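Biologist: I am new to this structure and would like to learn how to read its strands and sheets. Could we begin with one pair of strands and work outwards from there?

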Amino acid sequence: MKQLVASQAWAREARDRIVQEADNWPSKYLRDFGLTQPNLPPAGGQWSLWYVGPDGLRLRYEPARSPPHFSPTTGQYYSTPPQWPNHPTLYDEVIYASRHDALAQYARFSGLAYALTGERKYADNAAGILRAYALAYPNYALHDKDGKPGKSGGKVHAQTLDESDWLIDIAWAYDLVSDALSPADRTAIASNLLRPAVAVIRNNRAGLSNWQTWHNAAIAIAGFALNDTGLVNDAYNDPGRGFFKQLKDGASADGFWWEGSWGYHFYTLDPMLLLAEMGERAGMNTYAQSNLRAMFTAPLLMAMPDLALPRFNDDTGRVLKHDWFYEAGYNRYRDPGMAFLLARGARPWQALLWGAETLPPAGAAPPPASVLLPKAGYAVLRAGDTRDPGYLAFKFGPHGGWHGHYDKLGYVTFAADHQLALDPGTHSYAADSHEGWDKTTVAHNTIVVDEQDQAEATGNLRFYVGLPAFGLATADAGPAYPNRAALTRTLALTPDYWLDVTRAESLDGRPHRFDWVYHNRGTLATPLALTSYSGLPRAGGYQYLTGTRGAATNDDWKATWNTGSAGQAYGSVWKNRDNAKAIFTVSTGDSGGVAGKLDYDWGPATDAYAFYLTKELRNLPNEAPVRVEARVLGDGSNNRLSLRIIDATGEKFMKNVGAIDWTGWRTVALTVDRTWSNFDGNDNGVMDLPVSQVAFQINRTAGGRQAGNLLVDDIALTFPSAGRLVVEDFEKVLARLDLTVLAARDTTVVTGNGIDQTNQPVPFAMARRQGTETTFAAAFEPYHSSPRIAEFKALSVTPAAGSPVALRVAAPGAFTDTLLLTEGPRGTRAFDAIRTDAVVAYLRQDAANNPQTLVLADATSFSHRETLVFSSATPVTLQLSFTGDALTATVTSTAATQVRVYSPAATGAVVNGRPVPLRRDGDHVLFDLPDQP
């Protein structure tokens with residue numbers, strides 16, 4: 001580390017951050033918890049998830065207030081939990097837990113600062129905390145989250161899980177400063193603190209779980225610190241619970257941690273990496289485990305276009321960014337996908353310990369592609385280009401244990417620059433809404449049978465196609481409703497829309513209630529004549545559905561979600577004075593279109609300022625901009641306007657524009673040069689690429705107006721090679737989603753609101769049917785301004801054996817799509833002037849009815865209007881794209897074979913990115929496909 005600090009500026013910055021954290025002891029500890037002495041808490045702490053108000057949402061600790069426990073949603077301060085009056089000190093005990101964690105972290109940072117600087121004061125600070133715990137730990141009572149001395153409980157915490165996290169920092173600090181401790185101190189800390197804490201943790205054998213992984217890391221670091229090879233061996237090699245067993249059985253070849261939540265995936269990866277780093281240094285070759293590498297790559301494969309991860313099971317949401325996980329991963333594996341993330345923010349202090357000495361220049365985002373994680377049970381469909389990508393994540397795999405939700409065949413989507421198809425994620429586990437709503441089937445985008453939750457089940461993938469212009473997955477729900485009903489769903493994604501074809505069948509010959517439900521943020525409207533509806537039960541999650549209205553229909557029906565409107569919050573804001581107000585919203589008005597609105601009210605502060613940041617900019621060139629400009633509607637306030645550009649590390653480059661002395665629209669432009677000031681991020685004065693955001697700063701000036709607002713629009717950056725690019729025009733901030741569901745007799749449509757994890761309303765649409773079998777066929781079109789799809793209909797298929805479904809989707813003047821879905825086996829079928837033996841067939845024609853894209857799965861022939869468009873002696877899965885005289889094929893599955901394609905204009909062919917020889921046979925061409933297993 002010292003060599004890195006001597007040679008690398010970023011390492012010196014990391015060292016300085018570590019030292020600053022150590023220097024915060026004890027002043028920040030006293031301030032954060034309202035203390036006068038840096039003492040240990042008088043007792044062990046309680047479960048952090050108890051720290052919720054009566055509405056189930058998290059409280060905020062404000063030590064300067066009495067009582068100090070504040071609910072931002074109710075606006076009230078609490079001294080005791082009103083929902084748990086029999087435990088009046090519970091909130092205080094949760095804060096004790098926070099204090100215990102803070103003390104351990106100060107000990108760790110002090111130990112690191114001592115190792116980096118050699119200054120004895122840091123060793124003394126860490127030693128003081130360790131000595132205090134050596135005296136107190138034996139006297140803390142063993143207790144679990146219910147206050148009982150159960151084996152899952154700890155002493156400083158209410159769970160061995162949290163006790164392990166705390167012990168890692170304590171043992172780490174001990175190891176770092178042991179040479180500065182007296183022999184008596186070393187003996188007391190080892191005998192009264194480290195070994196007893198390990199014994200508490202080892203008493204709870206947690207099996208295959210995130211808990212046991214944390215246990216292993218704590219046991220291992222204590223073992224290394226104490227030179228106890230028995231503890232180390234236990235942590236790594238215990239055949240039922242050690243590191244290698246957890247990694248082998250918990251991550252699988254796909255790399256997604258078995259509990260099926262990205263929150264718990266990364267929560268588990270944290271101790272896995274600590275174990276890997278310690279083990280590697282001890283000669284265990286831990287990083288050679290393929291499942292560990294897969295734990296890094298799985299999130300990269302499943303991330304949405306905005307780098308958020310789909311929120312399945314008990315998850316609160318996570319966005320991929322530069323963090324220490326990928327510092328360690330890139331250092332070991334040198335994976336370009338990890339390097340892409342490492343360009344998106346400043347290097348954390350952990351990089352000094354486990355990161356690479358240098359990072360490669362920022363590269364472009366990995367090209368989007370569909371991907372299947374068959375062991376974890378997820379299919380991710382992608383279609384469209386980087387400018388307007390579409391995304392759909394479909395869940396069919398294992399339940400996920402205690403953290404699983406009853407949502408087999410559920411899905412989430414991203415389109416039109418918005419996350420759609422909302423998954424509820426999770427509230428605090430202590431909130432009634434966690435079991436009552438979050439986990440229930442009706443809270444998800446799937447099918448409910450007889451108003452009952454699904455059973456814990458693992459579904460089965462029936463079919464999967466992942467090609468550039470078209471993705472499709474078919475899966476069943478397995479025994480989600482044993483001896484009652486079978487559910488099978490096909491989801492298909494194109495660059496312009498997605499389709500949902502879901503079939504429900506009775507297994508016992510009796511009619512059942514089938515509720516198809518879809519949730520999406522925004523406001524919901526439908527042309528149906530809805531009236532108040534009271535036909536839903538008051539249990540099984542349905543009790544959380546409010547404002548329900550319904551209508552009976554035998555016809556096709558439609559609904560539209562408007563996910564954005566005037567006044568919608570946008571980007572983010574930072575202000576230097578708490579009593580000042582600054583809001584960044586979307587406006588539709590004075591600009592003649594959509595613009596950003598910067599509102600401010602400085603109040604009494606004479607030195608107030610605020611900066612308004614755009615959302616993170618995506619897909620920018622790997623160049624530094626030479627000019628920035630924007631249209632600004634001034635308010636004549638004479639306050640000062642500045643522009644900021646934020647680079648990939650979070651470093652801010654700023655230049656003053658001048659007084660806002662105008663009204664009406666004006667183009668504000670600045671040349672980006674060395675006169676710009678810089679700060680934050682890695683603070684190296686170099687614009688690390690790609691740039692991530694643009695910000696507007698407003699400063700109050702003497703004589704400047706106290707309150708006002710600006711409108712901003714058409715933010716543009718000019719690059720040396722890429723030229724001028726409008727990076728934000730706010731048009732994409734607003735998005736709509738049109739849903740069309742094909743007719744079925746005796747359908748009742750119900751709309752209303754569910755909730756998200758913050759209890760905000762989320763509109764849903766539900767189609768209710770009763771019978772022994774039914775098929776829900778739906779088309780979803782996301783768009784920004786105007787819809788294009790005018791036709792969505794079912795087509796007849798001959799023969800009808802195997803329940804094939806054929807659909808047409810048409811957007812006049814743009815495209816006409818025809819799609820065939822079958823449940824196999826392959827056999828020739830006819831529909832809409834098409835004959836094919838494909839299991840799945842998708843044809844897109846342009847506005848002039850010329851073929852544009854053809855996707856075939858497991859096919860040897862495809863004819864359209866008596867013309868044999870495609871033929872092969874061997875079943876093939878491929879996409880054919882017809883563009884002018886170019887014929888492009890993307891092949892995912894075939895034995896080596898020759899194909900024949902109708903393409904009168906083709907002069908060349910490209911297969912999987914490589915040109916291939918082409919032979920003409922009249923209006924057809926012939927070329928070879930390589931073997932693709």
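Modeller: Let us begin with strand 9, residues 447-449, which pairs with strand 14 in the antiparallel sense over 3 bridges. Please keep in mind throughout that this is a predicted model.

Biologist: What holds strands of a sheet together in general, and which residue stands opposite Ile-447?

Modeller: In general, the strands of a sheet pair through backbone hydrogen bonds, and the pairing is either parallel or antiparallel. In the case here, the residue of strand 14 that stands opposite Ile-447 is Trp-516.

Biologist: Which other strand pairs with strand 14, and over how many bridges?

Modeller: Strand 14 also pairs with strand 33, which covers residues 761-771, and this antiparallel pairing runs over 8 bridges. Within it, His-519 has Phe-764 of strand 33 standing opposite.

Biologist: Is strand 14 largely enclosed by the rest of the structure or left open?

Modeller: A residue is called buried when its relative accessible area is under 20%. In strand 14, residues 512-519, 7 of the 8 residues are buried, and therefore the strand is largely enclosed by the rest of the structure.

Biologist: What is the order of the strands in the sheet, and which of them stand at the edges?

Modeller: The sheet is an open one of 6 strands with antiparallel pairing, and its order reads 9-14-33-32-17-16. Strand 9 and strand 16 (531-532) stand at the edges, and because each has a single partner strand, one side of each is left without a neighbour in the sheet.

Biologist: Which strand is joined to strand 16, and over how many bridges?

Modeller: Strand 16 is joined by 2 bridges to strand 17, residues 546-553, and the two run antiparallel. Here Ser-532 stands opposite Arg-549 of strand 17.

Biologist: Stepping back to the whole chain, how many helices and strands are there, and how does the radius of gyration read against that of a compact globule?

Modeller: The chain holds 16 helices and 48 strands. For 933 residues, a compact globule would have a radius of gyration near 30 Å, and the chain agrees with this because its own value is 30 Å. The C-alpha trace spans about 90 × 70 × 65 Å along its principal axes.

Biologist: What percentage of the residues count as buried, and what percentage of the contacts with a separation of 6 or more join residues 24 or more positions apart?

Modeller: Of the 933 residues, 56% count as buried, while residues 24 or more positions apart account for 64% of those contacts.

Technical notes: Residues numbered from 1 in each chain as written. Predicted model: local features only at pLDDT ≥ 70, side-chain atom pairs only at ≥ 80, totals over all residues. Heavy atoms only, no water. Helix = DSSP H or I, 4+ residues; strand = E, 2+ residues; numbered from the N terminus. Rg over C-alpha atoms; globule rule 2.2 N^0.38 Å. Buried < 20%, exposed > 50% of the residue type's maximum accessible area, 1.4 Å probe, protein only. Contact = heavy atoms within 4.5 Å. Pairing = 2+ DSSP bridges.
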